[in-house]
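The following exercises concern a single protein model and are to be worked with its sequence and coordinates at hand. Each task is followed by a solution in steps.

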Amino acid sequence: MNYLLLFTVTPVQDFIIQSRKLKDLFGSSDILSCMSEIGMKICKKEGGEFIFPILQEKKEVSYPNRFLIEFKNKSIDEIKSIAKNIEENLLKFLKGLNDLNHFKIKEHLENYFTFYWAISEIENDYKNSFDKVEKLLADAKNTRFFHQLGNGEGEKGRKCSICGERNVVIYNGNLKFPKEQYKNDDPKKNKIAQKNEGLCGVCYAKRRYGDLKKGKFDSTADIALMHVFKKVERKEFKLLNKNSQLFFRENLTEKYLKEQGLLGDKKLEDFLKEWEKFNKLLKENNLKQTSYYAVIMFDGDSMGEWLSGKNLENGDIKEFHKFMSERLSFYSSEAKGIVEFPKGEAVYAGGDDFLGFVNLNYLFEVLKDLREKWDEIVNKPLQENFELKKDFTFSAGVVVAHYKTPLAFVLGKVREAEKTAKEFNERRKNAITFMVLKRSGEIRKASIGFEKLNDLIEVQNKLNNYSDSFIGKLEKEFSLMNEVDWYMIKIELKRLLHKSGILDDEIIGKLDNLFENFNNFSHLLNFIKFLNREVQ
């Protein structure tokens with residue numbers, strides 16, 4: 001008999017978002033991808049045929065947290081045995097993350113992840129079998145398995161500094177614990193934790209795995225300064241290079257250096273002298289330092305419709321699944337290549353899902369390249385090989401944040417921005433939502449359709465040469481009005497632009513294309529204004 005096996009590892013979102021440092025984020029992403037790869041390799045060894053994703057030979061490939069495999073000429077018991085073998089090997093992998101052989105880390109890891117799987121027989125209709133296995137897995141996930149930590153009594157004591165859910169196992173600094181926690185959890189000092197930070201077993205494993213397999217950059221300050229490090233060799237500044245945040249003058253205080261344990265036998269004056277040398281090089285190279293960076297998150301629009309075959313006019317849905325999976329796998333590799341130094345670094349690129357950090361100077365360039373490659377590698381080949389009802393698109397959330405803004409908060413906001421993009425303009429999707437998290441606490445959010453990205457870029461480039469004072473005046477004049485139409489704004493906009501010395505009617509046309517409603521339009525103009533003040 002022939003069967004479909006659908007396997008998934010959970011949770012995903014909380015595991016990724018509960019990150020304090022970039023290495024935590026890289027670690028969580030790599031752990032999930034590695035678990036899927038382990039399961040897929042077992043299926044390959046057992047003669048499975050990959051439907052999605054495609055197992056690749058390349059190293060450092062990201063895989064989603066679920067995979068669909070077809071097995072031919074096997075019994076239902078053999079498929080169940082394969083699924084259980086995957087579970088056993090994933091538990092072995094988690095055990096290997098406990099390099100300290102600490103009983104509490106083992107308990108936290110083994111009770112954090114849940115493996116769900118479903119099997120459906122393929123008779124004469126692949127589509128019916130696929131629909132059935134999807135429904136079976138959804139039903140299985142409605143059953144939540146729960147194991148109470150602490151011998152069934154729950155955990156009492158100091159909680160993890162990152163997730164706040166489980167007790168501290170690894171810590172650094174002078175943290176205090178209840179006597180009972182010393183006895184029950186045996187927390188250990190370890191320099192992998194920051195000073196006065198405590199980590200549970202799960203967050204420790206993410207941090208350690210991030211140390212082993214993370215990208216080249218330790219913090220969001222690295223991302224914000226990539227355009228600088230492209231021209232200025234950071235290794236020349238041995239003291240500042242100990243911590244990327246030291247390249248920002250605001251952090252060069254005796255208090256900060258002591259807190260980070262960076263002083264050693266040096267004095268504050270030594271750090272300041274090196275920073276003056278760095279600042280001189282910035283001026284000589286006409287480099288503008290910014291404290292902000294961007295995060296991009298996107299995934300394919302209406303993936304449920306595409307997988308169900310709803311958008312397929314004619315053709316074999318199994319072949320469609322395999323072809324789409326192949327194209328998405330190719331795109332993943334290309335996407336990672338787009339976001340490399342000095343433009344940024346991709347955390348995760350697995351099929352239709354993407355998460356990456358981008359230097360602000362390259363934000364629009366990266367967005368354009370990601371979208372153009374998507375059309376070239378995914379959408380157009382699908383259109384050429386199958387009769388489809390519409391284009392295959394994706395929607396993106398883009399958050400611009402200060403390097404000191406807590407990473408977990410930024411990641412939560414970029415997920416929110418992606419959701420807003422998918423709901424933009426009556427859920428038409430194929431959109432981008434930009435969100436700026438200013439250091440002052442002010443948040444601006446604006447959305448556009450992806451087809452208008454070039455208009456936005458042209459407006460930004462043109463306004464970079466002129467005064468942007470008209471933006472504040474326009475907002476002040478119209479923000480209190482209940483209803484504002486484009487005709488009213490257009491007349492006033494022309495007057496204010498001419499008053500600012502902007503006699504370029506082409507800008508009016510581009511702004512016309514960007515107008516959806518005044519609130520969104522106002523935030524969009526302020527986003528452009530912010531970018532032009534921060535980038536080169």
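**Exercise 1. Cysteines**

Determine how many disulfides the structure holds, and explain the state of Cys-43 and Cys-163.

Solution. Step 1: the model is a predicted one, and it holds zero disulfides. Step 2: for Cys-43, the nearest cysteine sulfur belongs to Cys-34 and is 15 Å away, and Cys-43 is in no disulfide. Its relative accessibility is 0%, so Cys-43 counts as buried. Step 3: for Cys-163, the closest cysteine sulfur is in Cys-200, at 3.8 Å. A disulfide requires sulfur atoms within 2.5 Å, and therefore the 3.8 Å separation is too far for a bond. Cys-163 also counts as buried, because its relative accessibility is 12% and the limit for buried is under 20%.

**Exercise 2. The largest pocket**

State what volume the largest pocket has, and describe its lining by position and by class.

Solution. Step 1: the space in the largest pocket amounts to about 1400 Å³. Step 2: the lining comprises 45 residues, and those closest to the pocket centre are Lys-21, Gln-194, Asn-243, Gln-245 and Gln-260. Step 3: two or more lining residues come from each of helix H2 (22–45), helix H8 (220–224), helix H10 (254–259) and helix H15 (407–427). Step 4: sorted by class, the lining has 15 nonpolar, 15 polar and 15 charged residues.

**Exercise 3. The second largest pocket**

Which element gives the most to the lining of the second largest pocket, and how do the lining residues divide by class?

Solution. Step 1: the volume of the second largest pocket is about 1100 Å³. Step 2: it is lined by 42 residues, of which Pro-64, Asn-65, Asp-299, Asp-352 and Asp-353 are the closest to its centre. Step 3: the elements that supply two or more lining residues include helix H1 (13–17), H2, strand E8 (292–300), helix H13 (317–338) and H15. Among these contributors, H15 gives the most, with six residues. Step 4: the class division is 20 nonpolar, 13 polar and nine charged.

**Exercise 4. Burial of helix H16**

Identify which residues of helix H16 (residues 453–463) are buried and what covers them.

Solution. Step 1: the buried residues of H16 are Leu-453, Asp-455, Leu-456, Ile-457, Val-459, Gln-460 and Leu-463. Step 2: the cover over the buried residues of H16 includes helix H14 (363–385), strand E14 (431–437), strand E15 (443–449), helix H17 (469–478), helix H19 (505–514) and helix H20 (518–534).

**Exercise 5. Backbone geometry**

Locate the cis peptide bonds that precede Pro-11 and Pro-342, and the positive phi values of Asn-101 and Asp-186.

Solution. Step 1: most residues other than glycine have a negative phi, and most peptide bonds are trans. Step 2: the bond from Thr-10 to Pro-11 is cis, with omega near 0°; Pro-11 is placed in the loop between strand E1 (2–10) and H1. Step 3: a cis bond also joins Phe-341 to Pro-342, with omega near 5°, and Pro-342 is found in the loop between H13 and strand E10 (344–350). Step 4: Asn-101, not a glycine, has a positive phi of about 55°. Asn-101 lies in the loop between helix H3 (76–97) and helix H4 (103–112) and is exposed, with a relative accessible area of 67%. Step 5: Asp-186 has a positive phi near 50° and sits in the loop between helix H6 (179–185) and strand E6 (188–189). With a relative accessible area of 29%, Asp-186 is partly exposed.

Note on methods
Residues numbered from 1 in each chain as written. Predicted model: local features only at pLDDT ≥ 70, side-chain atom pairs only at ≥ 80, totals over all residues. Heavy atoms only, no water. 1 Å grid on protein atoms, 1.4 Å probe; cavity = no way out; pocket = protein on both sides within 12 Å on 5 of 7 lines; lining within 4 Å. Points joined across faces, edges and corners; volume = space filled by probe spheres on them. Helix = DSSP H or I, 4+ residues; strand = E, 2+ residues; numbered from the N terminus. Nonpolar A, V, L, I, M, F, W, Y, C, P; charged D, E, K, R; others polar. Buried < 20%, exposed > 50% of the residue type's maximum accessible area, 1.4 Å probe, protein only. Contact = heavy atoms within 4.5 Å.
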